[in-house]
Amino acid sequence: MVEILGAEVELLTIVVSAVIFAAGVLVAIIAKVFTTRLMGARLPPDVSAMLTKVVFWVIIAIAAFSAIGNAGVDFAGVIVAAGIFGVVLGFALQPVVVNLLSGLFLQFDRPAKIGDPVQLVDQDVAGVILDVTLFSTRIRTFDGVFIRVPNDKVFTSRIKNFSTHIARRVELTVGIAYKEDAHKAKKLIQDLLESNPRVLTDPAPNVMVWELADNSVNLWVWPWVPASEWFSLRQQIMEDIKNLLDKNGIEIPFPQRTVWFGESKKGEKDRLAVTIKDSDGDDKKSEHRVHRATRAG
Amino acid sequence: MSLSQPLDKPDSYCRLEVDSRIERRFGNNVLVVEKNGPGYDYRRFTGDECVVKNTIASAGALEMGILPVAPIHVPAKYGNNMMLKFASPLVMQSHSSLDAYFKMPYEIGAVSFDNAKASVIDAISLGLAKYGLYGNPEDGSVCRSYQTELYAENPEPKMHQEAVGSVRLRNETDATQTVNKLVFPVAGVDFYYDHDHVFFKDVEATVKEVAKKTIIETKVVDARWRGSSTGLAQHAESQYTMEWGF
């Protein structure tokens, strides 16, 4: 005889209970395999995985209670003990419970599914979702690092999902020198976009003279592209625009500053204006033009 | 070689068992399939440069086709539908109908047949392939986009670029409707070819009111064009509902 929770239990009963529990575990494993095969083809991967886990742990729980019941353990005592224990455990395991509930809420909210490229803005994490378990979301970052993010952090974070929509807009700013013909540059870029098969015709690509900025006239270039091509096309379009403007002799200016030196205490009348203009030519390297300006009056 | 079409021209479409080598030239592109030891090589040249090379393993004699295929493979597959934009809007009075011809693009595909099931292993487009979004980014469709006139007579298409199709438009509503575009499925749909001329199946487009919303239902149906069918026997949707405007 062995004493368990104040009750005398025969060794044979314990063995039988252990067999019941082991059988329960076996059934749970079989049910897990069966559920995976049955639901895998019919449901999204994350829902199927979650359903499989729920089935597995429910069977384990039933097996555990059956085994305990068979051993003759008084459930009333267990429940009272579990109640007190639960309160203590509740405080201790608050983060775990929060994560568990967040995991369940994420299943209903479904901001992303397994395989989606996402960015958790508030967590500063970006990558592809590998799995959403009861307690955490596993992400492979774009540079190949595995990150486990607790579900409550995922649930409360702003989530950018890069694959939900089939089309996205590329947004580029292209600066041209003030002396250049903005209309010509705009037309050249528009033609470039129209000749690119990956740029969508609808919505039509938009090229706008948007800003008379400090150092350049800024054009905004907004083509829509298939979402799957967004990253590679953004680079390609930027490179193509650079080459196009170079080929057509349209200058993309560097920042320029005109520096005026104030009048000296000796009352010199001349001021020195210094214009520093950087250019990218190998032979020119950097050009510094210094000229004197005569003070008017 | 057992031929389903005469090989008298280097740019004719064909479907045949490859004994040693087949070669087809379309514009600046040359498509070559040839036996290489136990397998087959497929190569595509643009000018002198080999831009695509595949090795094909086949249990028996390889059946290949150089055929017109749906214009959705170049430069990459983004969707299954075609969006035809009319060069000038079509104004349809209530309960009116119109039969017309249109031109649409197609691609030239290198198709391998395995137990009569076709796989497009490569495709070229001699014209500029452009795509457009029909609907919204959430649940719309990225479609191959093309502008066409509506013709009363069978129009002359650009060789190896354009197919001719026929559409029957019906306005079943009680109001005048202006139709600017049609969206219909093309993935897996067979074309008909007769030497240089390529034809698409017929399209039926019906403007109707559904749940207080005016939509167009399009349906691709068999046509009576002369010539051979590409016979790809691929799964193809035949209907599409245009619920985001027309």
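**Exercise 1.** Work out how many residue pairs are in polar contact across the interface of chain A and chain B.

*Solution.* Start with the rule: a polar contact is a pair of N or O atoms within 3.5 Å, where within protein one must be able to donate a hydrogen and the other to accept it, and residues adjacent in sequence count only if both atoms are side-chain atoms. Apply that across the interface, with both residues at pLDDT 80 or more, and you get ten pairs.

Next, the setting. This is a predicted model, so local features need pLDDT of at least 70 and side-chain atom pairs pLDDT 80 or more, while totals for chains, interfaces and linings use all residues. Residues are numbered from 1 along each chain as its sequence is written, chains are lettered from A in the order in which they are written, and side-chain values use heavy atoms, leaving out hydrogens and water.

**Exercise 2.** Find the salt bridge across the interface of chain A and chain B.

*Solution.* Look for a side-chain nitrogen of Lys or Arg within 4 Å of a carboxyl oxygen of Asp or Glu. The rule turns up one: D202(A) meets K85(B), at 2.7 Å from N to O.

**Exercise 3.** Size up the contact between chain A and chain B.

*Solution.* First count residues with heavy atoms within 4.5 Å: chain A brings 19 and chain B 17. Then take buried area, the accessible area (1.4 Å probe) that two parts lose on being put together, summed over both. That comes to about 1400 Å², with 60% on carbon and sulfur atoms. Finally, in chain A, I166(A), P197(A) and D202(A) lose the most area to chain B, together 38% of what that side buries.
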